[in-house]
Amino acid sequence: MSMIPGIIRETASGFIRVTLQEEMFADREIQCTGEITQESAESIILQMRFLSKQSVEKPITLFINSPGGEADAGLAIYDMMQAIPNSIRTVCTGTAASMAALIFAAGNHRDILRHSKVMIHDPLIAGYRGGSALQVDEMSKSLMRMREVCAGILAKHTGHTSKEILRLTMKDTYFDSKRAVEFGLADHIINNI
């Protein structure tokens, strides 16, 4: 069992332990780390909604270091980013791959650390267990619709056409920080936060 890093704060009631995540959240900073699942997406969405209710004017920072994950979960985060009125700064702190790349690219201000990378590719089938020919056909059609949706989102946020994005996502396409800025996935390479 790993211990969550924390700090000790002195309050009127005495000393309390506060996790670093709680401390960062108080500064309007959210983490998107590890695989994007329905559970992690729900946590990120709740945090964004709470911070937006606290202040619609103050920006929110979303730090991203994720291999991606479930497409529907990633799109739920994306939709919430578009729905709340706050400006959202995304910061790539390692890898933003697959759905995490889409979320990163959707930030209003997109910063990437010098040695971080972004990877885009087509949505994948997760947890497929087989089925009838009709089920396989329906899954294929659904996957192709998801491919078009994701390409459209990346096109919107990078300034490229969906056709260009679809060509690049046919395989895993990696961008170092410099190429990510040149391609329009990121705005700035940063050396400090």
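Which elements cover the buried residues of α3? In this predicted model, the cover includes α2 (38-54), β4 (60-66), β5 (88-97), α4 (99-105) and α5 (133-158).

**Helix α3 and the core**

Helix α3 takes in residues 71-83, which is 13 residues. At 1.5 Å a residue the helix should span 18 Å, and its end C-alpha atoms are indeed 18 Å apart, so the expected and the computed values agree. The buried residues of α3 are Ala-71, Ala-73, Gly-74, Leu-75, Ile-77, Tyr-78, Met-80 and Met-81.

One of these residues, Ile-77, appears again in the description of the core. The largest nonpolar core contains 47 residues, and Met-48, Leu-62 and Ile-77 are the ones with the most contacts inside it. Which residues does Met-48 touch, not counting those up to four places away in sequence? They are Ile-30, Ile-60, Ile-77, Met-80, Met-81, Ile-84 and Ile-88. Among them, Ile-77, Met-80 and Met-81 are also listed as buried residues of α3.

**The start of the chain**

Pro-5 is found in the segment that comes before β1 (6-11). Its relative accessibility is 47%, so Pro-5 counts as partly exposed; the exposed class begins over 50%. Apart from neighbours within four places in sequence, Pro-5 is in contact with Arg-17, Thr-19 and Leu-20. Pro-5 and Arg-145 are 140 residues apart in sequence, and their C-alpha atoms are 42 Å apart in space.

Strand β1 runs antiparallel to strand β2 (residues 14-19), and six bridges join the two strands. In one of these pairings, Ile-8 has Arg-17 in β2 as its bridge partner. Arg-17 is also one of the contacts of Pro-5. The connection from β1 to β2 is a hairpin through two residues.

**Salt bridges**

Side chains of opposite charge can pair when their charged atoms come close. How many salt bridges does the structure hold? There are five, including the three in this table.

| Acidic residue | Basic residue | N to O distance |
|---|---|---|
| Asp-187 | Arg-110 | 2.8 Å |
| Asp-122 | Arg-147 | 2.7 Å |
| Asp-137 | Lys-141 | 3.1 Å |

The side chains of Asp-187 and Arg-110 meet in a salt bridge. Asp-187 lies in the loop between α7 (177-183) and β9 (188-190), while Arg-110 lies in strand β6 (residues 109-113), so the pair ties together parts that are 77 residues apart in sequence. Asp-187 counts as partly exposed because its relative accessibility is 30%. Arg-110 has a relative accessibility of 7% and so counts as buried, the cut-off being under 20%.

Asp-122 forms a salt bridge with Arg-147. Asp-122 lies in the loop between β7 (117-120) and α5, and Arg-147 in helix α5, so this pair ties together parts that are 25 residues apart in sequence. Are the two residues buried or exposed? Both Asp-122 and Arg-147 are buried.

The salt bridge between Lys-141 and Asp-137 lies within a helix. Both residues belong to helix α5 and are four residues apart, about one turn of the helix. Lys-141 has a relative accessibility of 43%, so it counts as partly exposed. Asp-137 is partly exposed too, with a relative accessible area of 36%.

Note on methods: Residues numbered from 1 in each chain as written. Predicted model: local features only at pLDDT ≥ 70, side-chain atom pairs only at ≥ 80, totals over all residues. Heavy atoms only, no water. Expected span 1.5 Å × (residues − 1). Buried < 20%, exposed > 50% of the residue type's maximum accessible area, 1.4 Å probe, protein only. Contact = heavy atoms within 4.5 Å. Core = buried A, V, L, I, M, F, W, Y, C linked by side-chain atoms within 4.5 Å. Pairing = 2+ DSSP bridges. Salt bridge = Lys/Arg side-chain N within 4 Å of Asp/Glu carboxyl O.
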